[in-house]
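Please open the model in your viewer and keep the sequence panel beside it. The stops below each name a selection and then say what is found there.

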Amino acid sequence: MSDFVIAPPPVPAIPVLGETALFPVRRVYCIGRNYAAHAVEMGHDPDKEPPFFFQKNPDNLDASGTFPYPVQSSDVHHEVEMVVALKSGGTNIPVEDALTHVYGYGVGLDMTRRDLQGIAKKMGRPWEIGKAFERSAPVGPLMPVSECGHPDTGAITLGVNGEIRQQGDLNQMIWKVPEMISYLSDYFELAPGDIIMSGTPSGVGPVVRGDELAARVEGLEPLLVKVV
Ligand code: MN
């Protein structure tokens, strides 16, 4: 017996390594320009800027291993990012306590319709049209903290057809994971199921149909995605 006037949509969820049960997703927060070299390549001064966030939709996450080239764009970029998954939340979380809220980590791609994002930036409009489109966030399986700890150093790379295009180190993040959690919790009420995409190193660039993307963060399960 349903209490809804239409059938409720499915709960967005992503896989967990070694588990049949899924991780249910409530919100997806993404930080912008969190690696200095990427801020510079996008034309910004990386120094002393406070962090800023945008959101993707929970159902934009996609663990299928394929990325359909989206409509309405001819300049779609890859951004490899470490994904942080929260098992608990709250408001005004101190930096020192922030990591106790993390369930696990994974590897994701913040796929971006760069042409549409560029128009939005120029016109002072929101970014959703460039960032929050269908299947815009390919993700690999999460690893629980019990398996991977709290990665804060190590290589983060993206290969396209076997050639490395993005290369950085987690230790180059301007805002570290505990700082991001604390900062977000000052503005939003964080909750179980929230995801944070922690920013991308330099080397972002376009993809085309047929590309094979290999997104890797040292110590985490890699994400392999084919652009179709
Ligand atoms: Mn990004």
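**Stop one: helix 5**

Begin by selecting helix 5 (residues 177-187), whose buried residues are V177, P178, M180, I181, S182, L184 and S185; buried means under 20% relative accessible area, exposed over 50%, and partly exposed in between, with a 1.4 Å probe and protein chains only. Helices (H or I, at least four residues) and strands (E, at least two) are DSSP runs, numbered from the N terminus. The buried residues of helix 5 pack against strand 3 (28-31), strand 4, strand 8, strand 9 and strand 15 (195-197), where contact means heavy atoms within 4.5 Å.

Before going on, note that this is a predicted model, in which local features need pLDDT of at least 70 and side-chain atom pairs count only at pLDDT 80 or more, while totals for chains, interfaces and linings use all residues. Residues are numbered from 1 along each chain as its sequence is written, and side-chain values use heavy atoms, with hydrogens and water left out.

**Stop two: the manganese ion**

Which residues are the protein donors of the manganese ion? Select E79 (OE), E81 (OE) and D110 (OD), which lie 2.0 to 2.1 Å from the ion; donors are N, O and S atoms within 2.8 Å of the metal (3.2 Å for Na, K and Ca), and since water is not among the atoms, sites may look incomplete. In sequence, the spacing of these donor residues is E-x1-E-x28-D. E79 lies in the loop between strand 7 (76-78) and strand 8 (80-86), and D110 in the loop between strand 9 (102-109) and strand 10 (112-113), so the pair ties together parts that are 31 residues apart in sequence. Both E79 and D110 are buried.

**Stop three: S73**

Now select S73, in the loop between strand 6 and strand 7, which counts as buried at 13% relative accessibility. The side chain of S73 reaches the backbone nitrogen of D75 at 3.2 Å. Leaving aside neighbours within four places in sequence, S73 is in contact with R113 and D115.

**Stop four: two open sheets**

Colour strands 10, 7 and 16 next: they form an open sheet of three strands in the order 10-7-16, with antiparallel pairing, where two strands pair if DSSP finds at least two bridges between them. Strand 10 and strand 16 (205-206) stand at the edges, each with a single partner strand, so one side of each is left without a neighbour in the sheet. Strand 7 and strand 16 are joined in the antiparallel sense over two bridges, and the bridge partner of H77 in strand 16 is P206.

Then move to the open sheet of five strands, which has the order 6-18-17-13-14 and mixed pairing. Its edge strands are strand 6 (66-67) and strand 14 (163-169), each of which pairs on one side only. Strand 6 runs parallel to strand 18 (residues 223-227), and two bridges join them; F67 has V227 in strand 18 as its bridge partner.

At the other edge, strand 13 (residues 155-160) and strand 14 pair in the antiparallel sense over six bridges, with V160 opposite E163 in strand 14. The hairpin of strand 13 and strand 14 has two residues between the strands, and N161 takes a positive phi near 55 degrees there.

Stay in strand 14 and select R165, which counts as partly exposed at 34% relative accessibility. Leaving aside neighbours within four places in sequence, R165 is in contact with H78, L158, G159, V160, S202, G203 and P206. R165 and V204 are 39 residues apart in sequence and 7.3 Å apart in space, C-alpha to C-alpha.

**Stop five: aromatic rings**

How many aromatic pairs does a search of the whole structure find? The search finds eight, where rings of Phe, Tyr and Trp (its six-membered ring) pair if their centres lie within 6.5 Å, and planes under 30 degrees apart count as stacked, over 60 as edge-to-face and the rest as tilted. Among them are F54 and W127, whose ring centres are 5.4 Å apart with planes at 50 degrees, so the pair is tilted. This pair links distant parts of the chain, with F54 in strand 4 (residues 53-56) and W127 in the loop between helix 2 (114-123) and helix 3 (128-131), 73 residues apart. F54 is buried, with a relative accessible area of 11%, and W127 counts as buried at 16%.

Finish with F53, W175, Y183 and Y187, which form one aromatic cluster.

Technical notes
A polar contact is a pair of N or O atoms within 3.5 Å; within protein, one must be able to donate a hydrogen and the other to accept it, and residues adjacent in sequence count only if both atoms are side-chain atoms.
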